[in-house]
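Please open the model in your viewer and keep the selection tool at hand. The tour moves from one selection to the next and says at each stop what is there.

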Amino acid sequence: MIPFLDVHKINQRDEKSMVEAYKKTLDAAHFILGNEVQQFEKEFAEYCETDYCIGVGNGLDALQLIFKAYIILGKLNEGDEVLIPSNTFIASALAISACNLKPILVEPKYNSFTIDTSLIEDKITSKTKAIMPVHLYGQSCDMSAISEIAKKYGLLIIEDSAQAHGAICQEKKVGSISNAAGFSFYPAKNLGALGDGGAITTDDKELENCIRYLRNYGSNEKYKHQYKSINSRLDELQAAILRIKLKRLEKDNELRRVVAKFYLDKIQNSLILLPDWDFSNNHVFHLFVIKCRTRDQLKSYLEKNGIQTVIHYPIPIHKQEAYKELNNLSLPIAEQLSNQVLSLPISPVMSIEDVQFICDKLNAYEE
């Protein structure tokens, strides 16, 4: 079986350094917000070309804490609307709902999956206060168009960069072309920890200061709490692991592009629709997603031939039970994608022989 993602093989490359990092962290005996977190925050901010990085517990918390901080700072109010794509992981919406804000779904482009910027202005109302573009599957959104719209209507931009570590847009890294951005370090990400982890990047000192309170029980001094908040601190050991893996990120992203280019060049089957992706540094190929009218049949066929695939995402947000209030919405593109998309194996440790085998099986597929 060719695995969808061989996390063990990915981490095995740094096993010696990780063991050393564990021993170093154990010996330091400073397990919460210690030197490793501080150094990772510095290094990741430099990587993303931002002034600040705040390490938090996971990607969902990263986004939620941004919204909570903006409410505290008076730049958002409960009940305000935030525009997001209808084709994204539910965490994008949950972060908004958790702060008593309202997610407004905007359809994506069918061929490239990211938010269709031509539809954004039609969704803007007097209650719209922010846009959250999602750099889905590793591809940066059209941030130039989004920035123009945000400037025109006075909207905040919060990037959901959970899947796009290192992607480029407007000659800048994602995470640096907005008011603030949230990242996830879930183990399967391009930059993945050995457990949960997340971060926020921003150039806004006031926002950064507020979030540092919010991630730590609303406090910056023990037993003195300025805000009602949560505990969401990047783990010291995970920070040490991420510092090691950050050094590989650029090379790993390039290796993912090699696999993606091979797929784009070699898959030749009229039953399979390839993505319309700009093959440049604006895509880091966290996922390689194809479309097929008989997706479930194709998935079963590949599995029988020893190829593991995953569906991202089989149920759109507005059809989830958690969002019953949105169940009556008609969002045909998101619905069509949920029935057609299939993610193929892609990683920096895949062999070209395995990629060729996958292409051969895809080209031989018949309904």
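A residue is called buried when its relative accessible area is under 20%, exposed when that area is over 50%, and partly exposed in between. The model on screen is a predicted one, and the tour begins with a residue to which that definition applies directly.

**Stop 1: helix H8**

Select Lys205, which has a relative accessible area of 46% and is therefore partly exposed. Now add Glu208 to the selection: the side chains of Glu208 and Lys205 meet in a salt bridge, with a distance of 3.1 Å from N to O. Both residues belong to helix H8 (residues 205-214), where they stand three residues apart, or about one turn of the helix. Is Glu208 buried or exposed? Glu208 counts as buried, because its relative accessibility is 5%, whereas its partner Lys205 is partly exposed.

**Stop 2: helix H10**

Move on to helix H10 (residues 249-266) and select Glu254 together with Arg257, which are three residues apart in that helix and so are separated by about one helical turn. Their side chains meet in a salt bridge as well, here at 3.2 Å from N to O. Glu254, at 37% relative accessibility, counts as partly exposed, while Arg257, at 7%, counts as buried.

**Stop 3: a pair from separate parts of the sequence**

Select Arg293 and Glu367 next, whose side chains meet in a salt bridge of 2.8 Å, N to O. Arg293 lies in the loop between strand E13 (288-292) and helix H11 (295-304), and Glu367 lies in the segment after helix H13 (352-363), so this pair ties together parts that are 74 residues apart in sequence. Arg293 counts as exposed because its relative accessibility is 61%, and Glu367, with a relative accessible area of 47%, is partly exposed.

To see how such contacts can be linked, select Glu41, Lys205, Glu208, Arg212 and Arg215, which are joined into one network by salt bridges that share partners. The structure as a whole holds 19 salt bridges.

**Stop 4: the largest pocket**

Leave the charged pairs and select Phe89, Gln163, Ser184, Tyr186 and Lys189, which are the residues nearest the centre of the largest pocket among the 27 that line it. About 620 Å³ of space lies in this pocket. Which helix gives the most residues to its lining? Helix H4 does, with three residues; if you colour H4 (59-72), colour helix H5 (91-97) too, since each of these helices supplies at least two residues of the lining. By class, the lining of the largest pocket is made up of 14 nonpolar, nine polar and four charged residues.

**Stop 5: two cavities**

The structure holds two cavities of 30 Å³ or more. For the largest cavity, select Ile10, Arg13, Asn190, Lys245 and Asp252, the residues that lie nearest its centre out of a lining of 15. The volume of the largest cavity is about 120 Å³, and its lining divides into six nonpolar, two polar and seven charged residues.

Keep Asn190 selected for a moment. Asn190 is found in the loop between strand E8 (180-184) and strand E9 (198-202), and at 8% relative accessibility Asn190 counts as buried. If you draw a C-alpha to C-alpha distance from Asn190 to Gln356, the two residues are 22 Å apart in space and 166 residues apart in sequence.

For the second largest cavity, select Ser86, Asn87, Thr88, Tyr313, Ile315, Pro316, Ala334 and Ser338, which line it. Its volume is about 50 Å³, and its lining has four nonpolar residues, four polar residues and no charged ones.

**Stop 6: a nonpolar patch on the surface**

For the last selection, go to the surface and take Tyr22, Leu26, Phe31 and Ile32, which form a nonpolar patch with about 390 Å² of accessible area together. Within this patch, Phe31 has its place in the loop between helix H2 (15-28) and helix H3 (35-48). Phe31 counts as partly exposed, because its relative accessibility is 43%.

Terms used:
Residues are numbered from 1 along each chain as its sequence is written. This is a predicted model: local features need pLDDT of at least 70, side-chain atom pairs count only at pLDDT 80 or more; totals for chains, interfaces and linings use all residues. Side-chain values use heavy atoms; hydrogens and water are left out. Patches are made of residues with over 30% relative accessible area and no salt bridge: like charges are joined within 9 Å, nonpolar side chains (Val, Leu, Ile, Met, Phe, Trp, Tyr) within 5 Å. Accessible areas come from the Shrake-Rupley method with a 1.4 Å probe; for residues, only the protein chains shown count as cover. A salt bridge is a side-chain nitrogen of Lys or Arg within 4 Å of a carboxyl oxygen of Asp or Glu. Helices (H or I, at least four residues) and strands (E, at least two) are DSSP runs, numbered from the N terminus. Buried means under 20% relative accessible area, exposed over 50%, partly exposed in between (1.4 Å probe, protein chains only). On a 1 Å grid over the protein atoms alone, a cavity is a set of points where a 1.4 Å probe fits but cannot get out, and a pocket is an open set with protein on both sides within 12 Å along at least five of seven lines; lining residues have an atom within 4 Å of a point. Grid points are joined across faces, edges and corners, and a volume is the space filled by probe spheres set on the points. Ala, Val, Leu, Ile, Met, Phe, Trp, Tyr, Cys and Pro count as nonpolar, Asp, Glu, Lys and Arg as charged, and the others, Gly among them, as polar.
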